Amino acid sequence: MSKIFCGIDWAEGHHDIALVDQDGNQVAKLRISDDSAGFHALMELLTRHGDTAEDPVPVAIETPRGLLVSSLRATDRQIYAINPLAAARYRDRGSVSRAKSDAADARVLANILRTDRHAHGPLPDDSEAGQTVAVLARAHQDAIWDRQQMINRLRSHLREYYPAALAAFHGTGRPGLDSPRARLILAAAPTPADAARLTRSQLRALLKRGERPGCGIEAEVERLRTVFRAEHLRQLPQVEQALGHQAVALIRQVDAACLGVAQLAAATEEAFLAHPDAGIITSFPGLSVLSGARVLAELGDDRERFAEARAMKAYAGAAPVTRASGRSHVVVARTVKNQRLASAGHMWAFATLRTQAPRARYDRRRAGGERHTAALRNLFNKLLGCLYHCLQHRVLFAPDRAFAPSVNPAARASP
């Protein structure tokens, strides 16, 4: 057990270091630069105060990411990412004046390890392959969100002057503004006047360059000609032309966003399928390669991270929270959770409704009075428990065991 504890208050250009002993006395402090020289200075400071490969000094810091954290993790020491809100509460324990400085914050972080190390879990020891999947899966999810924002901007812009474009590509049963078909045609005809002048041969050539419609090219050509030549409200000609130039710029940004999503999807799939847990995760109903990668990205592959299935369920927000005080006893949904994992779990549970056993469980919960979201969350809770078991024992999902029919206790007791 280490007798020295390290706290790091990080910033963009420098980091403040504080070392405290078991009695809470500060034995060293240092400000380092955010570069290789600063990291080596930190290692020298730790070495002078008893840091060894057999007994490395634990470190508390307010972020789980960055080059400094990555370099510290490579030294095989325990890194504790303390939530900034929790660190602020600890700061109030030592000072009622609300005085604050970077050096004092580093000392607070070191003292958190000294007094309450057992209450804060270290960063999981995920493998390099697991960390790779996490980076790519999160980047892919972010790219999807960015693409949707760009599509929303384009849709809002088209509403200003080009209702025919929305009638042609936006709405239920239509290809969508992010489809290759819509982007090609809107780039070629960025104004209502340009669209009305498109001939059948031009539309046919554009459709052949993009995705081919399921209804057939000729039927789509006639539909688009009808929409583009219908009567719509129009802006003044020069204003319409200016708005068309802006639309072209937005379409190019949507093109880039769509390309980024596709490239990240391919990289995520490749990295996930190379991971040893991929076969187990994708054996579950409702999990594709990409959704399975998102689950793995948030859970990691450190088998010691969660002591039991309940801890994993709480981390994902699937387990409820009980608030009991006096005569009050309320069970509510958990709000403090991994939001990415909770979002992926909601979609996972929804996708399993096509499978018989999960659907039967969902229907029983709904029949018992639960609302749709609560029933899905309960199903996600069940699936997480099964996933924890399968990952711990390295077995594939078995629906007959996971959703085995419950036995009446009276029937079980009868001879």
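**Exercise 1.** Identify the residues with the most contacts inside the largest nonpolar core of this predicted model, and state which helix supplies the largest share of that core.

*Solution.* Step 1: The largest nonpolar core holds 40 residues, and those with the most contacts inside it are Phe284, Trp348, Leu384 and Leu387. Step 2: Several helices supply at least two residues each, among them helix 5 (128–159), helix 11 (237–273) and helix 17 (372–393). Step 3: Helix 17 gives the largest share, eleven residues. Step 4: Apart from this core lies another one of 32 residues, including Met150 and Phe228.

**Exercise 2.** List the residues that Phe284 touches, leaving aside those up to four places away in sequence.

*Solution.* With that exclusion, the contacts of Phe284 are Trp348, Leu383, Cys386, Leu387, Cys390 and Phe397.

**Exercise 3.** Decide whether Arg91 is buried or exposed, and name the partner of its side chain in a polar contact.

*Solution.* Step 1: Arg91 belongs to helix 3 (residues 84–94). Step 2: The relative accessible area of Arg91 is 19%; the limit for a buried residue is under 20%, so Arg91 is buried. Step 3: The side chain of Arg91 makes a polar contact with the side chain of Asp105, at 2.9 Å. Step 4: Arg91 also touches Ala99, Lys100 and Val108, among residues beyond four places away in sequence.

**Exercise 4.** Determine how many disulfides the structure contains, and examine Cys390.

*Solution.* Step 1: The search of the whole structure finds zero disulfides. Step 2: For Cys390, the nearest cysteine sulfur is that of Cys386, 6.6 Å away, whereas a disulfide requires sulfur atoms within 2.5 Å. Step 3: Cys390 is buried, at 4% relative accessibility.

How values were computed. Residues are numbered from 1 along each chain as its sequence is written. This is a predicted model: local features need pLDDT of at least 70, side-chain atom pairs count only at pLDDT 80 or more; totals for chains, interfaces and linings use all residues. Side-chain values use heavy atoms; hydrogens and water are left out. A nonpolar core is a set of buried Ala, Val, Leu, Ile, Met, Phe, Trp, Tyr and Cys residues joined through side-chain atoms within 4.5 Å. Buried means under 20% relative accessible area, exposed over 50%, partly exposed in between (1.4 Å probe, protein chains only). Helices (H or I, at least four residues) and strands (E, at least two) are DSSP runs, numbered from the N terminus. Contact means heavy atoms within 4.5 Å. A polar contact is a pair of N or O atoms within 3.5 Å; within protein, one must be able to donate a hydrogen and the other to accept it, and residues adjacent in sequence count only if both atoms are side-chain atoms.
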